[in-house]
Structure formats: C-alpha cells, structure tokens
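Student: Pick one part of this model and take me through it closely. Then work outward to the parts that share residues or elements with it. Define a term where you need one.

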Amino acid sequence: MDFNNIILEKEEKIAVVTINRPKALNALNSETLTELDSVIDEIDKDNEILAVVLTGAGKSFVAGADISEMKDMNVVEGRKFGILGNKVFRKLENLEKPVIAALNGFTLGGGCEIAMSCDIRIASTKAKFGQPEVQLGITPGFGGTQRLARLIGPGAAKELIYTGKIINAEEAYRLGLVNRVIEPETLLDEAKQLANTIAANAPIAVKLAKSAINRGIQTDIDTGVSIESEVFGACFSTEDQKEGMNTFLNDKKYLTGNFKNK
Ligand code: CAA
C-alpha cells in the first residue's frame, strides 16, 4: 500500500517505518495518524516481519500533533482527535512485535508520545524532547499524561509537562526517557541492528515477553507474576521451545537466527 506521509520498508525480518512529512517537521495530522494505523495493521499481518524500527525523515522525528489542524477545533473535534491518536498509539504499543524508536531530531508533544508507545527508544545526540502542550493552551493528548509518568515517574513527568521545557538527549537519557544516545550518523544502523538482534530470537517468546511486561506493569506484583506464569507455560506449546532447548543440550549453542516462529 502507498502512503502520503509514511514510508514502509521491509528489510528481511524487520520493517522500517519512516514518518515522512518533513515540511511540517513530521507533525501528526489526521491523515498521518490514519496511515500509521494502516501501517501497523500491515506489519501485524506480515508473518515475515519480526521487529520494527520507527523513525522520522529529515531533522525531526515528530514535532507533535499538527497545530494547524487543531487550531480551530471545538470540544467535540478536539476530543475526537485525541481519541484517534490514543487509539493508534495503543495499537502500536500492543503490536505483537517489538518496536524500536530511532529518535533522530525533534521529539515533541505527540512525537514524545508516540516514542513512549514504542518498546525501546534510542536517540541521536541531536534529538530534543518535551511536552510543550501547555504553552499552546492544551494538555498532552496522545497519552503523554499517562505514559510519561509511568516511564520516568510522576515528579519528573509533572515538571516536564507543567513547564513545557525542552530537554536534550543527555537529559532524556538521565531521566530514563531513552535507553541510549548515539551519534546521528549511526542511529538508524544501530536501531536496525537492535531490531535484527531481537528478530533472531524466538519470536513467540519475544511476543509473549512483551505482552507480559506491558500487562504486568499496569497491575500489582501478584497479578503480574501470574501473567508471567501463564506466558511462560504457553512457551512450552511451541516447536521453538523444543528445538531451542534440544539444540542447546545437544550442540551447546543457542538456536538464535534459526527459530521457526512455530
Ligand atoms: N504542527 C504543525 N506544523 C508544525 C509543527 C506542528 N507541531 N511543528 C513544526 N511545524 C511546521 C512549522 O509551522 C513550519 O511550517 P512553515 O515552514 O510552513 O512555517 C515548519 O514545520 C518548520 O518549522 P519551524 O520553522 O518552526 O522550524 P524550527 O527549526 O525553527 O523549529 C521546532 C522547530 C522547535 C520544533 C518548532 O517548529 C516548534 O516549536 N514546533 C511546535 C512544537 C510543539 O509545540 N509541539 C506540540 C504540538 S501539540 C501536541 O502534540 C498535542 C498532543 O499531545 C496531541
């Protein structure tokens, strides 16, 4: 499928999704959100794809939700736009394949929010982060009030959201918003390498681990470990578990790179 604002490339076991609206610094308008929704569906259905890299074209990752589109919205339209963004980002978060955000530049507002819906965030030294919404007269609307507090804690999240201040990649790393900071020239390669490393492991086990972490983080520890026991048990119905363990016991090596996804 062709998209106006998104480029979807498949490289063997990984997909690279590039938000491509550089004239507006990749700001998310309804069209881009709807396209993203379709891209996630396409990746979900594609059994060849085992991990995803999400990045932005040009000097920005995503500079936020589209301010031109939001400018004249009324209460009903504003709410509808927020629901659309939240629906798409939740779908991304729940995608049964790990998503690595390669944050190449401005990661602001809706950009920070989509990054937080990914599993792993790596940033270029040039990336800038923030939730500037209150400086526009709105709150974060695509999950920022919820995911930022969960990711970096309520105190740091409240400071960022209430002030709207922009922070650099080192500060984002210090706060735990990103996993690591990398030179811009190698960012995409490192993200792809990470995606390929993950894609070489048992896909069903990775999928179940993602689900257990995402579900468990929202609950108490007793419910969490019971979710873990459920997914751990489910692994033993797979061929990959049998073959993976036999390979280790017989050949003293991992099956990495040769799992069947069965
Ligand atoms: N929406 C719409 N257009 C945007 C945009 C956005 N979020 N961010 C940038 N653009 C547009 C600019 O209007 C400009 O368009 P024109 O060339 O037609 O004038 C173009 O992108 C380039 O931007 P700048 O000239 O401003 O580039 P810069 O390098 O000087 O500044 C920037 C970059 C600091 C990121 C600045 O563009 C900026 O502050 N952008 C807005 C950031 C923001 O407030 N994001 C939050 C949006 S609200 C939100 O996201 C709500 C939510 O939670 C759902």
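Tutor: A cavity here is a set of points on a 1 Å grid where a 1.4 Å probe fits but cannot get out. A residue belongs to its lining if one of its atoms comes within 4 Å of such a point. Keep in mind that this is a predicted model.

The part to examine is the cavity. Searching the whole structure turns up 1 cavity of 30 Å³ or more. Its volume is about 70 Å³. The lining consists of V17, L36, V39, I40, I43, V52, L54, L92, L95 and V99. By class, these are 10 nonpolar residues, with no polar and no charged ones. Two elements give two or more residues each: helix 1 (30-45) and strand 3 (51-56). Helix 1 has the largest share, 4 residues.

Take V17 next, a lining residue. V17 is also the bridge partner of L8, and it lies in strand 2. Strand 2 (residues 14-19) pairs with strand 1 (residues 6-11). The sense is antiparallel, over 6 bridges. The two strands make a hairpin with 2 residues between them. There, E12 takes a positive phi near 55°.

Follow the chain on from strand 2 towards helix 1. The loop between these two elements holds N26. N26 is not a glycine, yet its phi is positive, about 65°. Its relative accessibility is 0%, so N26 counts as buried; the cut-off is under 20%.

Now the largest pocket. Unlike a cavity, a pocket is an open set of points. This one holds about 770 Å³ of space. Its lining has 29 residues, and E93, M116, C118, N214 and I217 lie nearest the centre. Helix 3, strand 7 (120-124), helix 5 and helix 9 (203-216) each give two or more residues. Helix 9 gives the largest share, 8 residues. The classes are mixed: 11 nonpolar, 8 polar and 10 charged. The cavity lining, by contrast, has no polar and no charged residues.

Helix 3 leads on to the aromatic rings. The structure holds 4 aromatic pairs. One of them joins F89 and F142: the centres are 5.4 Å apart and the planes meet at 80°, so the pair is edge-to-face. An angle over 60 degrees is what that label requires. F89 sits in helix 3 (residues 75-94), while F142 sits in the loop between strand 8 and helix 5 (144-152). The pair links distant parts of the chain, 53 residues apart. Both partners are buried: F89 has a relative accessible area of 0%, and F142 has a relative accessibility of 3%. F81 joins F89 and F142 in one aromatic cluster.

A second pair is formed by F248 and Y254. This one is stacked, at 5.8 Å centre to centre and 25° between the planes. Its accessibility is another matter. F248, at 37%, counts as partly exposed. Y254, at 66%, is exposed. K252 adds a charge: its charged end sits over the ring of F248, 5.4 Å from the ring centre. K252 lies in the segment after helix 11 (239-251). Its phi is positive, about 55°, although K252 is not a glycine. At 59% relative accessibility, K252 counts as exposed. N26, also with a positive phi, is buried.

Back to strand 8, which precedes the loop of F142. Strand 8 belongs to an open sheet of 4 strands. The order is 4-6-8-9 and the pairing is mixed. Strand 4 (60-62) and strand 9 (167-168) are the edges, each pairing on one side only. Inside the sheet, strand 6 (residues 106-108) and strand 8 (residues 128-130) pair in the parallel sense over 3 bridges. One of the bridge partners is easy to find: F106 is matched by K128 in strand 8.

One distance gives a sense of scale. L160 and L249 are 89 residues apart in sequence. In space, they are 50 Å apart, C-alpha to C-alpha. L160 is in helix 6 (residues 154-163) and, at 4% relative accessibility, counts as buried.

Note on methods. Residues numbered from 1 in each chain as written. Predicted model: local features only at pLDDT ≥ 70, side-chain atom pairs only at ≥ 80, totals over all residues. Heavy atoms only, no water. Pairing = 2+ DSSP bridges. 1 Å grid on protein atoms, 1.4 Å probe; cavity = no way out; pocket = protein on both sides within 12 Å on 5 of 7 lines; lining within 4 Å. Points joined across faces, edges and corners; volume = space filled by probe spheres on them. Nonpolar A, V, L, I, M, F, W, Y, C, P; charged D, E, K, R; others polar. Phe/Tyr/Trp six-rings, centres within 6.5 Å; stacked < 30°, edge-to-face > 60°. Buried < 20%, exposed > 50% of the residue type's maximum accessible area, 1.4 Å probe, protein only. Lys NZ or Arg CZ within 6 Å of the ring centre and 35° of its normal.
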